Amino acid sequence: MRRRLVISYLLLMVLVLLALETPLAATLTSRETDRVRADRLADATRFASLAGPALRGGVPGPLAGELGAYDDLYGIGAAVVDRDRRTVVASTGWRPGPGTASALDMALAGQQFSRPDSVWPWVDGPLVVAVPINDGGEVLGAVVTTTPADKVRRTVTAWWLLLAVIGLIAVSACLATAFGLAGWVLRPVTELDAVTHEIAEGDRGARVRPRLGPPELRRLAASFNNMADVVSDVMDRQRAFVAHASHQLRNPLTALRLRVEELGPSLSDADGRAEHQLALEETDRLAKVLDALLTLARAEREENQRVTVDAVAVAASRVAAWEPLARRSSIALRLVADDAPAYARTVPTAIDQALDALIDNAVKFSGDTGEVTVTVRPADGGIALAVRDTGPGMTASQLGQATERFWRAPEVQNVDGAGLGLTIVAVLVDASDGRLTMRAGEPCGLVAELWFPAPDPVDPSDDPVLPGPRLAADAPASVD
């Protein structure tokens, strides 16, 4: 935008200079030509006053010496011709030119003649002047001079070059002023664009400096900052509400479960015990939903902070943690990765939680004697982690809805879960500037692939964070 604005300023300045300097250049050319023409006409008129006796008596007299001295002094050829176009006397440098014949025609007709009207830098040829010789109203002949126009052309060219230099200086000054003015006008817009991208990437603390640019853009910057503050406050309130509500509901839910559990011994019939078991399962399911909401709220609060982790080590620890549950379900869970570390730049615990959710889903939906494979490999300048299962997979439309909150496929509505696992994965991956892609596996199943950027290789102060031993409280738990 700045370049286009400067070009528009510059184009306007060039048009103004052309409108001013073109007539001025033509005026200077005409003025210089008229000055020289006036001198030549005066000289030719004086020669005509001396040529009368030469034409009447046929004796050149002092005219020949005058023409010779004039030619030697100024380098201008001159000649006197009679009414029959015969040359009576001429200087040594006299040479008839292309315009001499028409000049004589006009002079012998009793009129002064001069050509060209203006000596332009690109036009060759001399300046021809012809003056009639009159005697008592009778035209006896004419005086013709041919002035080389090189000196006039050099003078005109010098004037034009001076105008061009002045124009270039004006254009340069306009260009510098235009860049400064465009920068002053567009600096708030540029900063607004940059801050908008920063906010879109997760930095909700980015703001525009409101003291830049014209008053209209300052008001726009202030309004934008107010809007960003309001949106950030609303998001904080929303996340705080989800976290607080989830946390506050845990105590009454725990008390409710204890009371329902205490009712078990007092139930004697089979139907009552079955309903009692269903009530306990629903309270457990509700507790898992609250845990998932707390996890989602914490994940959405992650901003800017990045850590470097060894994706291979994290994947190995998560596969080892889920191995007992997978073995209990007759699922073969294995890791495919190189022995060398594969460092990724993510928000804290992003890979851990994402793999927990994906492995949980893979184990849950692979069925008996299924197989779940976790792969870690470098890809596209970062690290890719893929979780592949042999379950029923998803259709194309289901893949598009899989990361929506509380969404679950129709055929798995009765399977344990809250429908928030993939949502949490998507939030963590997005906060880490990564990608989450899911596709159907071949010949069956689902492939969920995570991609995280690699750390900056020129940052030696950023030591890799390796996963330590997980406590019992960190054991795998269903998050979907």
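How many bridges pair β3 with strand β4 (residues 127–135), and in which sense do the two strands run? β3 and β4 pair in the antiparallel sense over three bridges. Strands are DSSP runs of E with at least two residues, helices are runs of H or I with at least four residues, and both are numbered from the N terminus. Two strands pair if DSSP finds at least two bridges between them.

This is a predicted model, in which local features need pLDDT of at least 70 and side-chain atom pairs count only at pLDDT 80 or more, while totals for chains, interfaces and linings use all residues. Residues are numbered from 1 along each chain as its sequence is written, and side-chain values use heavy atoms, with hydrogens and water left out.

**The whole chain**

Display the entire chain, which holds ten helices and twelve strands. Of its 480 residues, 39% count as buried; buried means under 20% relative accessible area, exposed means over 50%, and partly exposed lies in between, for a 1.4 Å probe and protein chains only.

**The sheet that contains β3 and β4**

Select β1 to β5. These five strands form an open sheet in the order β2-β1-β5-β4-β3, with antiparallel pairing. β2 and β3 (113–115) stand at the edges with a single partner strand each, so one side of each is left without a neighbour in the sheet. Neighbouring strands of this sheet are turned by 15 degrees against each other on average, direction ignored. Axes here are lines fitted to C-alpha atoms, for helices over the stretch in contact, and angles run from 0 to 180 degrees between N-to-C directions.

Within the β3 and β4 pair, select Phe113, which stands opposite Ala130 in β4. Continue to Pro116, in the loop between β3 and β4. Arg115 and Pro116 are joined by a cis peptide bond, with omega about 0 degrees.

At the other edge, β1 (residues 77–82) and β2 (residues 87–90) run antiparallel and are joined by three bridges. Ala79 has Ala90 in β2 as its bridge partner. The two strands form a hairpin with four residues between them, and Arg85 in the turn has a positive phi of about 70 degrees.

Add helix α3 (residues 100–108), which lies across β1, β3, β4 and β5 (138–147) and runs at about 150 degrees to β5. Contact means heavy atoms within 4.5 Å.

**An aromatic cluster**

Select Phe47, Tyr70 and Tyr74, which form one aromatic cluster. Rings of Phe, Tyr and Trp (its six-membered ring) pair if their centres lie within 6.5 Å; planes under 30 degrees apart count as stacked, over 60 as edge-to-face and the rest as tilted. By this rule the count comes to five aromatic pairs. The ring centres of Phe47 and Tyr70 are 5.0 Å apart and their planes stand at 80 degrees, so this pair is edge-to-face. Phe47 belongs to helix α1 (residues 2–57) and Tyr70 to helix α2 (residues 63–74), so the pair ties together parts that are 23 residues apart in sequence. Both Phe47 and Tyr70 are buried.

**The second sheet**

Select β7, β9, β10, β11 and β12. They form an open sheet in the order β7-β9-β10-β12-β11, with mixed pairing. Its edge strands are β7 (332–336) and β11 (435–440), each of which pairs on one side only. Six bridges pair β11 with β12 (residues 446–453) in the antiparallel sense. Thr437 has Glu449 in β12 as its bridge partner.

Helix α7 (residues 311–328) lies across β7, β9 (371–379) and β10 (382–388), and runs at about 170 degrees to β7. In the loop between α7 and β7, select Ser330. Ser330 has a positive phi of about 60 degrees although it is not a glycine.

**Two covered helices**

Of the 16 residues of helix α8 (residues 350–365), 13 are buried, so α8 is largely enclosed by the rest of the structure. Just after α8, Gly367 takes a positive phi of about 80 degrees.

Helix α10 (residues 421–431) is mostly covered, with nine of its eleven residues buried; among them are Leu422, Ile424 and Val427. End the tour at Asp433, in the loop between α10 and β11. Is Asp433 buried, partly exposed or exposed? At 44% relative accessibility, Asp433 counts as partly exposed.

How values were computed. Expected span 1.5 Å × (residues − 1).
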